[in-house]
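Here are some notes for a colleague who is coming to this structure for the first time. They take up a few side-chain contacts and then the pockets.

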Amino acid sequence: MTLPETLERAMRLAVEQADQVKGATYPNPPVGAVILDHDGQIAGVGGTEPAGSAHAEVVALRRAGTKASGGTAVVTLEPCNHYGRTPPCVDALLAAGISTVVFAVADPNPVAAGGAARLAAGGIEVVAGLAAELVRTGPLREWLHKQRTGLPHVTWKYAASIDGRSAAADGSSRWITGDAARADVHRRRAAADAIVVGTGTVFADDPTLTARLPDGRLAERQPLRVVVGKREISSESNVLNDDSRTMVIRTHDPHEVIRALSDRTDVFVEGGPTLAGAFLRAGVVNRILAYVAPILLGGPVVAVGDVGVPSIGKALRWRYDGMDTLGPDVVLSLVPQ
């Protein structure tokens, strides 16, 4: 058996692979895999390719070649055990002569599950649960939510000053956060399935709602742009340009929005305080990403409007599940308590 620290390093590399393909694998999960040879050296790495193409294990095995024989496969998700558009990954692992398979999270999909048992029956040592929390809260967060609930995972993302303002008193908001934070937002946009804003944001800011690279070019993958509200928006609005597809939903009901996006997995809400308040009141936000800048603005333009809290005892309570620094700013990740 490969040394535990070697397996942990391999799993972190597998998570990086999964992060790199996130957003490009739908409806398959974004999975990363690493093949270690008999001596514990990295022989091949891979991430899930777009639907209909190879899964992560097959990509990594292909790159490892004959070095996979007698080696270890380290995978973020239990290898699949069913025929879809491609054969089961367990078949490829068995055929390659892998001696050990280590995975982080069991596959909750009953159609694809059973890979661990099938591998064990084939004489392969199977280890489950390595770095499970890292994977559950990382590249598989949204996909696992979709498997549990049948609904897309909804993240409310906003940028604000340290005193909770999303713009100055005159309405100016470019830029509250710095370059590193904005680059992180665009990276996340490129991995998301949809970005939701209200008509108020379209009228006030005329956003493009695209994912861009640090040099300003459009990212290869763009999320669906979703505009919510009953007011007509101008046909000249940037959100209707040819950079990506756009859906207009004539409603103020967040539940209707979620139903309309039920074929998606990862949905971002990036609208203003009214839209954010509506989604929070409806209880459909699964995660908050707060980009906080060390500046003070004061004034009336707050990040979120009415969330239906009449007193401190009725506060919507969340807990931190991550924090990172991005240049001078911080990004906080919160989930319902």
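1. In this predicted model, which side chain meets that of Glu142 in a salt bridge? The partner is Lys22, with a distance of 2.8 Å from N to O. The pair links distant parts of the chain, since Glu142 belongs to helix 6 while Lys22 sits in the loop between helix 1 and strand 1 (32–36), 120 residues apart. Glu142 and Lys22 are both buried.

2. A search of the whole structure finds 15 salt bridges, and the one between Asp184 and Arg187, whose closest N and O atoms are 2.8 Å apart, lies within a single helix, helix 7. Because these two residues are three positions apart there, about one helical turn separates them. Asp184 counts as buried at 10% relative accessibility, whereas Arg187, with a relative accessible area of 49%, is partly exposed.

3. Asp193 and Arg221 form another salt bridge, with 3.0 Å between the closest N and O atoms. Asp193 is in the loop between helix 7 and strand 7, and Arg221 is in the loop between helix 8 and strand 8 (224–228), so the contact ties together parts 28 residues apart in sequence. Here Asp193 is buried, at a relative accessible area of 7%, and Arg221 is partly exposed, at 25%. Elsewhere in the list of salt bridges, Lys157, Arg189 and Glu270 are joined into one network through shared partners.

4. Turning to the pockets, the largest holds about 1,400 Å³ of space. It is lined by 50 residues, of which Thr201, Asp205, Glu270, Gly271 and Gly272 are the closest to its centre. Strand 6 (153–161), helix 7 (179–191), strand 7 (194–198), helix 8 (199–205) and helix 10 (273–281) each supply at least two lining residues, and helix 10 gives the most, with six. By class, this lining divides into 21 nonpolar, 17 polar and 12 charged residues.

5. The second largest pocket has a volume of about 990 Å³, and the closest to its centre among its 39 lining residues are Asp19, Lys22, Asp184, Arg187 and Arg188. Several elements give two or more residues to this lining, among them helix 1 (4–21), helix 6 (141–149) and strand 12 (318–326), but helix 7 gives the most, with seven. The lining comprises 17 nonpolar, seven polar and 15 charged residues. A reader may wish to return from here to the earlier points, as Lys22 is the salt-bridge partner of Glu142 and Asp184 that of Arg187.

How values were computed
Residues are numbered from 1 along each chain as its sequence is written. This is a predicted model: local features need pLDDT of at least 70, side-chain atom pairs count only at pLDDT 80 or more; totals for chains, interfaces and linings use all residues. Side-chain values use heavy atoms; hydrogens and water are left out. On a 1 Å grid over the protein atoms alone, a cavity is a set of points where a 1.4 Å probe fits but cannot get out, and a pocket is an open set with protein on both sides within 12 Å along at least five of seven lines; lining residues have an atom within 4 Å of a point. Grid points are joined across faces, edges and corners, and a volume is the space filled by probe spheres set on the points. Helices (H or I, at least four residues) and strands (E, at least two) are DSSP runs, numbered from the N terminus. Ala, Val, Leu, Ile, Met, Phe, Trp, Tyr, Cys and Pro count as nonpolar, Asp, Glu, Lys and Arg as charged, and the others, Gly among them, as polar. A salt bridge is a side-chain nitrogen of Lys or Arg within 4 Å of a carboxyl oxygen of Asp or Glu. Buried means under 20% relative accessible area, exposed over 50%, partly exposed in between (1.4 Å probe, protein chains only).
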